[in-house]
Structures are given as structure tokens and as C-alpha cells.
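Reader: I would like a close look at one part of this model, the pockets and the residues around them, set in the context of the whole chain. Please take it step by step and keep the confidence of the prediction in view.

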Amino acid sequence: MTATQVRVGSRARKPWTPSQIVLTLLGAAVSVVFLAPFAWAVFTSLKSETEAVEVPTHWLPEVWTGQAWKALFETGNITNWFVNSLVVSVCVTAVVLFFGALAGYGFARTEFRGKGLLMGVVMTGLMVSPAVLGVPLFTTVQQMGMVDTYWGMILPQCAPAAMVYILYKFFQGIPRELEEAAFIDGAGRWRVFFTIVVPLSRPSLAAVGIFTFIASWNNFLWPYMVTNNPDLMTMPNGIATVMNSYGIQWAQLMAGGLMAGLPLIVVFVFFQRQIVTGVAHTGLAGQ
């Protein structure tokens, strides 16, 4: 080993500063707080139903068993719930990405009569809770004959104002010179959008797609309102039915919750960089 390599190695192993130690300890404490409910759910799902409701409670099972997981697959229609959630979430994400990108680009780059009014309507949508719109939306879906259908669960979730606003803010930051150069070369508006704007917007589109998928996957209220058919239940609705004549089956409920959260954990683990990059590119991080 040369003297240069020794010096480089010594520089790489600098002692931690007090601020780094404090931030590391703070991050570890916050991680423990967030991981504690997850650990509790895992340990509870590995207990028997009797042990899960014992008082006083204890973290680790006295007798480790997978009975709750086995009962969940035997008594619950968890495969259908999972497939229904996947179909609804993927379709909602695809529709939101397509129409949200078109709407955001239209607001950012085109001038038309009533643009300010329409933008005001979108901004108003950011302040209205989806629960407030539950009754009128259900009435509309019922009149259209879409109760107990996939379309009844999908379409009302496909107009999130927040996602349009995120893409609108990003499109505003794209240099106009790129589009003007394409216009000079004879490209039309649609070609500019799909060949220049969309490729440049991949970070924001990825973030919007991930946020939309997570929101749709976790949506309990709307599928619960519009679906009476047990075969069309999504994961949150199906897990809520894990009960018997004695009440809630807590071990099975925790096992079902872990099953429902597994796709979201995978999304966060594999797409966390896209989430951070997308938020940073929209300009929303400092707002």
C-alpha cells in the first residue's frame, strides 16, 4: 500500500462531529418510533387469538404460531381482495397520469378564455375533503348504473386536484426555448408534448404515479360506499370484515394489515429516490 493510499484512507475515516452524532441519534429515535407499530403488528399476527387479547399485553408471543395467517387465507377471500385493489389502483394511476399531465400542461403553456376561472376551480379542489363529495358522487354513480362495478370505484378517484397542481408547477419550470425550437422545426403541440415535455417530466410523473397508487390502494371510504358485492371488495374493505361472533380477530386483523401494506412497503423501498426527486423537481419542497 502506497503512502498516497494511506492518506486517502485516513481522510475517509474522519471522526464524527457532535452535530453528526446528534442527528444520527435523532434519526435512530424517529426510526424506532415509526417501526414500533410495524413490529407490534408482526408479533401480534404470530400470536394465537387468545394471547393477542391478553391483559396485560406483551410484545413477544409466548407461543409462536402462524394460525392467524392460515385462517386469513382459509376464511377470507384475500386473493380477490388483492387483485381488486391492484386493478383499481393501477387503472386510477394510469388515468390520473394521462389526464393530469394533459391538464397541467394545458394550464402551464396555453392561453384560453376562462383559464383563470378553471384554475381557481382546481385550487378549490385542494381545499375540499373527498368525504364531503361522497353523497353527490354516490348519487351520480348510482344514476349511471355503476354501483358494484370496477368503473364505479375507479372513475370518481381519477380527478385529484393536487396531482394536476403538482404537474402544473413542474411544467411551468420547463424552459420554453425547448418547445419553441421544436415548433420552429415544424413539430405540433401534441408531438412537442409527447417527445419533449413528457420525457423531461419523468421524475414528477413518477412521483405523481406513486402518490396516486398509494392513495388509491389505501382508499377505504369510497369502495365501501359504492360496493356491496363481497367479490369486489378491496384490501382495506376486506380486512375490515375479519370478525366473528366474538368480535374482532386481532391476530388475523394484524396479518391482513401487513398483507395490505406489503405492496406499499415495496413501492417505498424501490421508488424512494423517484419520490424525493419528483417532489424536488415540482418546486413544492419549500412551499
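**The pockets and their surroundings**

Author: The largest pocket is lined by 26 residues, and those that lie nearest its centre are P130, P156, Q157, A159 and P160. This pocket belongs to a predicted model, and its volume comes to about 800 Å³. Four helices give two or more residues each to the lining of the largest pocket, namely α7 (134–143), α9 (161–172), α12 (202–218) and α13 (221–226). When the lining of the largest pocket is sorted by class, 19 residues are nonpolar and 7 are polar, while no charged residue appears in it.

Two residues in the region of these helices can be described one by one. M225 is part of helix α13, and it counts as partly exposed because its relative accessibility is 25%, a value that falls between the 20% limit for buried residues and the 50% limit for exposed ones. Once neighbours within four places in sequence are left aside, M225 is in contact with G134, V135 and F138. The C-alpha atom of M225 is separated by 10.0 Å from that of L137, although the two residues are 88 residues apart along the chain.

F220, in turn, sits in the loop between α12 and α13. With a relative accessible area of 35%, F220 is also partly exposed. Leaving out residues up to four places away in sequence, F220 touches P236, N237 and A240, and its C-alpha atom is 9.9 Å from the C-alpha atom of M233, a residue 13 positions away along the chain.

The second largest pocket has a volume of about 220 Å³. Its lining is made up of F38, A41, I214, L253, G257, L258, G261, L262, L264, I265 and F268. The elements that supply two or more of these residues are α2 (18–45) and α15 (250–282), and the largest share, 8 residues, comes from α15. By class, the lining of the second largest pocket divides into 9 nonpolar and 2 polar residues, and here again no charged residue is found.

Helix α15 also holds Q252. This residue counts as buried because its relative accessibility is 11%, which is under the 20% limit. Beyond its neighbours within four places in sequence, Q252 has contacts with E49, A68, A71, L72, T75 and V242.

One residue deserves a remark on its backbone. D148 lies in the loop between α7 and α8, and its phi is near 60°, a positive value in a residue other than glycine. Most residues other than glycine have a negative phi. D148 is partly exposed, at a relative accessible area of 28%.

For the wider setting, the chain contains 15 helices and 2 strands. Of its 287 residues, 34% count as buried, and the accessible surface comes to about 17,400 Å², of which carbon and sulfur atoms account for 69%. Among contacts in the chain with a separation of 6 or more, 72% are made between residues 24 or more positions apart.

As for confidence, the chain averages a pLDDT of 83, and 90% of the residues score at least 70. Confidence is highest in helix α8 (residues 150–154), at a mean of 91, and lowest in helix α1 (residues 3–12), at 52. Over residues 283–287 the pLDDT is below 50, and in the model this stretch has 7 contacts beyond near neighbours in sequence.

Key
Residues numbered from 1 in each chain as written. Predicted model: local features only at pLDDT ≥ 70, side-chain atom pairs only at ≥ 80, totals over all residues. Heavy atoms only, no water. Buried < 20%, exposed > 50% of the residue type's maximum accessible area, 1.4 Å probe, protein only. Contact = heavy atoms within 4.5 Å. Areas by Shrake-Rupley, 256 points an atom, 1.4 Å probe, with all protein chains shown as cover. pLDDT = per-residue confidence, 0-100. 1 Å grid on protein atoms, 1.4 Å probe; cavity = no way out; pocket = protein on both sides within 12 Å on 5 of 7 lines; lining within 4 Å. Points joined across faces, edges and corners; volume = space filled by probe spheres on them. Nonpolar A, V, L, I, M, F, W, Y, C, P; charged D, E, K, R; others polar.
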